[in-house]
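Subject: Structure handover

Hi,

Here is the structure I said I would pass on. Have a look at it first, then read my notes underneath.

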Amino acid sequence: MNSLNAGAALAAGIMLLSSGTTAIGQPQPAAEQSPPTSSEAPPVTGGANDTQTHPVLSITSVEIIRSAHAPALDIIRVRGIASSAGWEEIELVPLTRGVPADGMLQLVLVARPPEEASDAMSYEQVEAILPLETNHPFKGVNVHSETNALAITAMPGYTESRHAFDDCGKCVGKTFIAKGSSGSSSLTDVVREERLPPNTRIVRPAEGIAARESNPNRLTLMLDKDSRIVAAVWE
């Protein structure tokens, strides 16, 4: 996975609106600019003791709120889901430099994952906000996650996505049904591959594991000889 380092992306000359900082859309003094050679942060790997941020699993809604009193202020509010509990430092990181040709501000919702792998349970809801500078040049936003993106093309506005991924909190003990197979078990006893998050890794008893690199957004299911799920872990 090509994960993003929030610190490197923020150095691209786009700053958040907070105490002592400047909002997106306001030019920075030349002395303070230190643009990277690429608009994309270096890739990092996940896993235990990972100190880098990663995109969260999915975006569920994007809202742009405009203040009722002049000067108008637009605030971006993004909600999403993290694969497991324990993700911290949730924030929106700009990917756009300067004024985009299409007027769309590109953002990614990132967070710091837990240091250790965890058993699959319910997804954790996450949220972040980002104010824009008054008279900013953007007409809309496009917000990215690990598995999807949501866009608003006119401000203010609202959009949402209803993800259909099984969080696998109750997968253990059920039978795994691969794509294209109808299966013979009742609907309450099976886990169908098409309902699982993208990039889910299925490990059968006689199979090896090609790579050990951890990915906090990858679900791994361990099966027994009868295709019964014996473990479900977010790496």
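I'll start with a polar spot: the side chain of N148 makes a polar contact with the side chain of S145, at 2.6 Å. Bear in mind throughout that this is a predicted model. The N148 side chain also reaches a backbone atom, the nitrogen of I59, at 2.8 Å. As for where to look, N148 sits in the loop between β8 and β9. Leaving aside residues up to four places away in sequence, N148 touches S58, I59, V143 and S161.

One of those neighbours leads into the hydrophobic part. V143 is among the residues with the most contacts inside the largest nonpolar core, along with V62, I76, V78, L92, L109 and V141. That core has 23 residues. At least two core residues come from each of β2 (58-66), β3 (74-82), β5 (104-112), β7 (124-131), β8 (140-144) and β9 (149-152). Which strand gives the most to it? That is β5, with four residues. Apart from this core there is another one, of 16 residues, and L196, L221, I229 and A232 are among them.

Now the sheet. Four strands form an open sheet in the order β7-β3-β2-β10, and the pairing is antiparallel. β7 and β10 (157-160) are the edge strands: each has a single partner strand, so one side of each has no neighbour in the sheet. On average, and ignoring direction, neighbouring strands here are turned by 15 degrees against each other. If you want to check one pairing by eye, β2 and β10 run antiparallel and are joined by four bridges. V62 has T159 in β10 as its bridge partner, and V62 is also one of the core residues with the most contacts.

On to the charges. How many salt bridges does the structure hold? The count is eleven. Here are some of them:

- R77 and E127 form a salt bridge, with the closest N and O atoms 2.6 Å apart. This pair links distant parts of the chain, since R77 is in strand β3 and E127 in strand β7, 50 residues apart.
- D224 and R228 meet through their side chains in a salt bridge, at 3.2 Å from N to O.
- E207 and R204 form a salt bridge as well, the closest N and O atoms being 3.8 Å apart.

Are the residues in these pairs buried or exposed? R77 is partly exposed, at 23% relative accessible area, and E127 also counts as partly exposed, at 37%. R228 is partly exposed too, with a relative accessible area of 36%. Shared partners also build a network of salt bridges that joins E63, R77, R79 and E127. For the remaining pair, E207 has 38% relative accessibility, so it counts as partly exposed, and R204 is partly exposed with 31%.

One last spot is A70, in the loop between β2 and β3. A70 has a relative accessible area of 77%, so it is exposed. Its C-alpha atom is separated by 9.4 Å from that of T134, although A70 and T134 are 64 residues apart along the chain.

If you only open a few views, I'd go for the N148 side chain with S145, the R77 and E127 salt bridge, and the pairing of β2 with β10.

Cheers

Methods. Residues numbered from 1 in each chain as written. Predicted model: local features only at pLDDT ≥ 70, side-chain atom pairs only at ≥ 80, totals over all residues. Heavy atoms only, no water. Core = buried A, V, L, I, M, F, W, Y, C linked by side-chain atoms within 4.5 Å. Buried < 20%, exposed > 50% of the residue type's maximum accessible area, 1.4 Å probe, protein only. Polar contact = N/O pair within 3.5 Å; in protein donor to acceptor, adjacent residues only side chain to side chain. Contact = heavy atoms within 4.5 Å. Salt bridge = Lys/Arg side-chain N within 4 Å of Asp/Glu carboxyl O. Pairing = 2+ DSSP bridges. Axes fitted to C-alpha atoms, helices over the stretch in contact; angles between N-to-C directions.
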